[in-house]
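Trainee: Could you take me through one part of this model in close detail? I'd like to hear about the nonpolar interior, and then how the rest of the chain fits around it.

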Amino acid sequence: MKKFIPSQIFVEKEALNYSLTYEILKKAENLNIPIIEDSFNKKTKNLSEQEFFAYSKRTIILGISKNKKLDSCKPSADFQFSLVSGCPGTCEYCYLQTKHAASPHIKIFVNINEILDNIQGYIDESKPNITTFELASTSDPISVEHLTGSVARTVEFFSKQEFGKLRLVTKFSNIDSLLNVNHNKKTKIRFSINTDYIIKTYEHNTDNLQERLDAAAKIFKADYDTGFIIAPIFIYDGWKKDYEDMLINLYNKLDGFSNSNLTFELIQYRFTLKSKDIILKRFPKTKLDLNEETRLKKWGPYGYYKYVYPKEISSEIKQYFYDKIKQYFPNSTIEYFT
Ligand code: SF4
């Protein structure tokens, strides 16, 4: 897929004090992307829900992050922070549908030095323990890396940290600018993968499986710690064969190299009633199974009940993936199944 080019950019007043704003505006000028001088709220106030969503997903807003108190990010890392919020992808099940329900646009935080200074404080406070940070919990920052360069700068920042490590995950293949960065094994890059059927049906405007696997192979060969998040895992006719094909495909891309540092994270499909409501408004023809009657209700960490597969099905999924991953990647580690 071609790299994402927004249809318009808005600039918040406070962003004008940061050099990254001007670097991005220069690229925007070369790409003929219009810079809108009106406020985003004014511009979008008369749009329907679907028009607003479509417009927002094509919009970048340059702003700053004032968030100094970081949220924890279990089980993936100690803390999470963001260089970007939102994402140009339109995955129907994306949990950002709920988290960013009123603001599905892509916001780029241009005060990157302040953000990294704050991270330094967290690392220093926990010395000599290693503190890990997740970069992709409220966005997919790789999707706009060609415009920001922020992930590469952050990888370099972490390469110099004795007591800090970075993790990020992506559904995009826009990683070439990271290949020659001196990462010093302090950054782990994971690729979110799924079957061709799931990607085509639900993960609109993201890179396809082959593109993600090609990118993963490059990252792996550039000696980054590399991992895979298989998520969300769906049950459908032929799911076992499709997921096995995906693992064989991955095995072939990595030239059959089984690396003990390769990791897998497994997340079964889930939804909340709030997300169901938003998904049905934004994707009225969705094929997602949102029937809570056939699901197990569980209390989630974000203050909502979530609906997951019933126990016997989730046990079958777990056993299936543990067996298959062991078969194709015997030295890998499965970090969790949830
Ligand atoms: S790529 Fe990730 S962050 Fe973007 S819409 Fe899809 S699931 Fe959400």
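**A close look at the core**

Mentor: Happy to. Let's start with the fold as a whole: among contacts between residues at least 6 apart in sequence, 76% join residues at least 24 apart. Keep in mind that this is a predicted model. The chain's secondary structure comes to twelve helices and 17 strands. For 338 residues, a compact globule would have a radius of gyration near 20 Å, and the chain agrees with that because its own value is 20 Å. Along the principal axes, the C-alpha atoms fill a box of roughly 55 × 50 × 35 Å. Buried residues account for 56% of the 338.

Now for the interior you asked about. The largest nonpolar core has 96 residues, and those with the most contacts inside it are Phe 81, Ile 230, Phe 234, Tyr 243 and Phe 321. Helix α9, residues 209–221, gives the most to this core, with seven residues. There's also a second, separate core of six residues, including Ile 36, Phe 40, Tyr 55 and Ile 61.

Let's zoom in on Tyr 243. Leaving out residues up to four places away in sequence, Tyr 243 touches Ile 230, Phe 234 and Phe 321, among others, and those three are also on the list of residues with the most contacts inside the core. Other partners of Tyr 243 include Asn 194, Thr 195, Ile 198, Pro 232, Ile 233, Tyr 236 and Tyr 320.

Two loop residues are handy for contrast. Ser 137 sits in the loop between β9 (131–134) and α6 (145–148). Is Ser 137 buried or exposed? Its relative accessibility is 11%, so Ser 137 counts as buried, the cut-off being under 20%. With residues up to four places away in sequence left out, Ser 137 touches Cys 73, Gln 80, Tyr 95 and Leu 96. Asn 331 lies 194 residues from Ser 137 along the chain, and their C-alpha atoms are separated by 27 Å.

Gly 303 is in a loop as well, between β15 (296–299) and β16 (305–308). With a relative accessible area of 43%, Gly 303 is partly exposed. From Gly 303 to Asn 184 is 119 residues in sequence and 38 Å in space, C-alpha to C-alpha.

Last, the outside. The chain's accessible surface comes to about 15,900 Å², with 50% of that belonging to carbon and sulfur atoms. As for charge, there are 48 positive and 42 negative charges, and their mean positions are 2 Å apart.

Key
Residues numbered from 1 in each chain as written. Predicted model: local features only at pLDDT ≥ 70, side-chain atom pairs only at ≥ 80, totals over all residues. Heavy atoms only, no water. Helix = DSSP H or I, 4+ residues; strand = E, 2+ residues; numbered from the N terminus. Rg over C-alpha atoms; globule rule 2.2 N^0.38 Å. Buried < 20%, exposed > 50% of the residue type's maximum accessible area, 1.4 Å probe, protein only. Contact = heavy atoms within 4.5 Å. Areas by Shrake-Rupley, 256 points an atom, 1.4 Å probe, with all protein chains shown as cover. Lys, Arg positive; Asp, Glu negative; His and termini not counted. Charge placed at Lys NZ, Arg CZ, Asp CG, Glu CD. Core = buried A, V, L, I, M, F, W, Y, C linked by side-chain atoms within 4.5 Å.
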